[in-house]
Amino acid sequence: MLTGRTKHILHCILLFTVIAVFELFTGGVRLGNNKPEEFDPWERYGYFWTFVLYLFRLLTFLPLPQVIFNFAGLTLYNAFPDKVTLKGSPLLAPFLCIRIVTRGDYPQLVRANVARNMTRCTEAGLENFLIEVVTDKAVGLPAHRRVREVVVPSSYRPKSGALFKARALQYCLEDGVNILADTDWIVHLDEETLLTENSVRGVLNFVLDGKHHFGQGLITYANEDVVNWVTTLADSFRVADDMGKLRLQFSMFHKPLFSWKGSYVVTQIQFMTPTCETNQIIS
């Protein structure tokens, strides 16, 4: 059976091969003495259209920094990490709140995913945790000492004017609603996001390490039954973005230089400001 390192080496070889073949077939790299026709564009197209064409070509360099970060992240870091090993006892970990945000339109999905995430947390040995569902509509979660349902009132208006998911998350931090201490941690998830044992272990290692106060994890798709292959394959770009650009910026610079996702964000309550350093969670 191939190890994660071997898979990563094969992955890099395939990536370089695809780039080389693409360059050859598009004429970016020419072999032999085949030279393209040379002409003066200023004479053929005129000054105006030549300027426009050169401007369009220069625009292609705008995404270059993100392309470089994606390429470096996909090659410098192992894209196939092995099973995550706990670096400390879950009993010593600070309190974790797994906060799921939903509009409440699919209550059955939310209830099923809460049950599955609960199972993954207990299987990973997590002890001090709470699963909190923040919803615009009641989803009818079963009573459980580690499950809390928070319904955001329709009349609630945050001072910042935040809307949608940000509005719901802000409501949880209001006095009289928040039940967490400043030293507790929050794992922000969407209603369809499912935890794995590796992801729980990665979060535990991150909070036990305590070096950074914000973290971002990798989200993969097509782990369940595929409903639409076209949209599922389109989502593969988001996985590559996580494994490349986002992983490099968090692991090397500890800052969201370009962007970060709105789900699988781990934060400590007392440092919930945008100026804090960020690190990658290996999951």
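Tyr264 is buried, with a relative accessible area of 4%. The residue belongs to the loop between α7 and β6. Its phi is near 55°, a positive value in a residue other than glycine. Keep in mind that this is a predicted model.

**The loop between α7 and β6**

- Tyr264 shares its loop setting with another residue: His254 is also found between α7 and β6.
- Phi of His254 is near 60°. That value is positive, and His254 is not a glycine.
- Most residues other than glycine have a negative phi.

**Strand β6**

- Strand β6 covers residues 265-268 and includes Thr267.
- Is Thr267 buried or exposed? Thr267 is buried, because its relative accessible area is 2% and the cut-off for buried is under 20%.
- Thr267 and Gly215 are 52 residues apart along the chain. Their C-alpha atoms are separated by 6.5 Å.
- Gln268 is also part of strand β6. Its relative accessibility is 9%, so Gln268 counts as buried too.
- Which residues does Gln268 touch, not counting those up to four places away in sequence? They are Asp182, Thr183, Asp184, Trp185 and His213.

**Strand β3 and helix α5**

- Val151 is found in strand β3, which runs over residues 147-151.
- Val151 counts as partly exposed, because its relative accessibility of 37% falls between the 20% and 50% cut-offs.
- Leaving aside neighbours within four places in sequence, Val151 is in contact with Thr135, Asp136, Ala138 and Tyr171.
- Val151 and Phe39 are 112 residues apart along the chain. Their C-alpha atoms are separated by 68 Å.
- Tyr171, one of the contacts of Val151, is a buried residue of helix α5 (residues 164-172).
- The other buried residues of α5 are Arg167, Ala168, Leu169 and Cys172.
- What do the buried residues of α5 pack against? They pack against the strands β1, β2 (129-135), β3 and β4.

**The largest pocket**

- The largest pocket has a volume of about 1100 Å³.
- Its lining is made of 36 residues. Glu192, Ile219, Thr220, Tyr221 and Asn223 lie nearest the centre.
- Four elements each supply at least two lining residues: α4 (107-123), β4 (185-190), α6 (197-209) and α7 (229-253).
- Which element gives the most to this lining? It is α4, with five residues.
- By type, the lining of the largest pocket divides into 11 nonpolar, 14 polar and 11 charged residues.

**The largest cavity**

- The structure holds one cavity of 30 Å³ or more.
- About 50 Å³ of space lies in the largest cavity.
- Leu96, Ile98, Leu126, Val187, Leu195, Ser199, Val200 and Val203 line this cavity.
- β1 (96-102) and α6 each supply at least two of these lining residues. The largest share, three residues, comes from α6.
- How does the lining of the largest cavity divide by type? Seven residues are nonpolar, one is polar and none is charged.
- Helix α6 therefore helps to line both spaces: it supplies at least two residues to the largest pocket and at least two to the largest cavity.

**Helix α3**

- Helix α3 covers residues 64-76 and has 13 residues.
- From its first C-alpha to its last, α3 reaches 18 Å. This is close to the 18 Å expected at 1.5 Å a residue.
- The buried residues of α3 are Phe69, Asn70, Ala72, Gly73, Leu74 and Thr75.
- What covers these buried residues includes α1 (4-26) and α7.

**Annotated regions**

- An unreviewed UniProt entry gives the annotation "transmembrane region" for residues 12-31 and 51-77.
- Residues 12-31 are 75% helix and 0% strand in the model. Their end C-alpha atoms are 24 Å apart.
- Residues 51-77 are 81% helix and 0% strand. Here the end C-alpha atoms lie 41 Å apart.
- The unreviewed UniProt entry also carries the annotation "domain: Glycosyltransferase 2-like", covering residues 185-270.
- How far apart are the end C-alpha atoms of residues 185-270? They lie 9 Å apart, and the span is 44% helix and 16% strand.

Technical notes:
Residues are numbered from 1 along each chain as its sequence is written. This is a predicted model: local features need pLDDT of at least 70, side-chain atom pairs count only at pLDDT 80 or more; totals for chains, interfaces and linings use all residues. Side-chain values use heavy atoms; hydrogens and water are left out. On a 1 Å grid over the protein atoms alone, a cavity is a set of points where a 1.4 Å probe fits but cannot get out, and a pocket is an open set with protein on both sides within 12 Å along at least five of seven lines; lining residues have an atom within 4 Å of a point. Grid points are joined across faces, edges and corners, and a volume is the space filled by probe spheres set on the points. Ala, Val, Leu, Ile, Met, Phe, Trp, Tyr, Cys and Pro count as nonpolar, Asp, Glu, Lys and Arg as charged, and the others, Gly among them, as polar. Buried means under 20% relative accessible area, exposed over 50%, partly exposed in between (1.4 Å probe, protein chains only). The expected span of a helix is 1.5 Å times one less than its number of residues. Contact means heavy atoms within 4.5 Å. UniProt positions are given in the numbering used here, feature names are shortened, and annotations may be inferred rather than shown by experiment.
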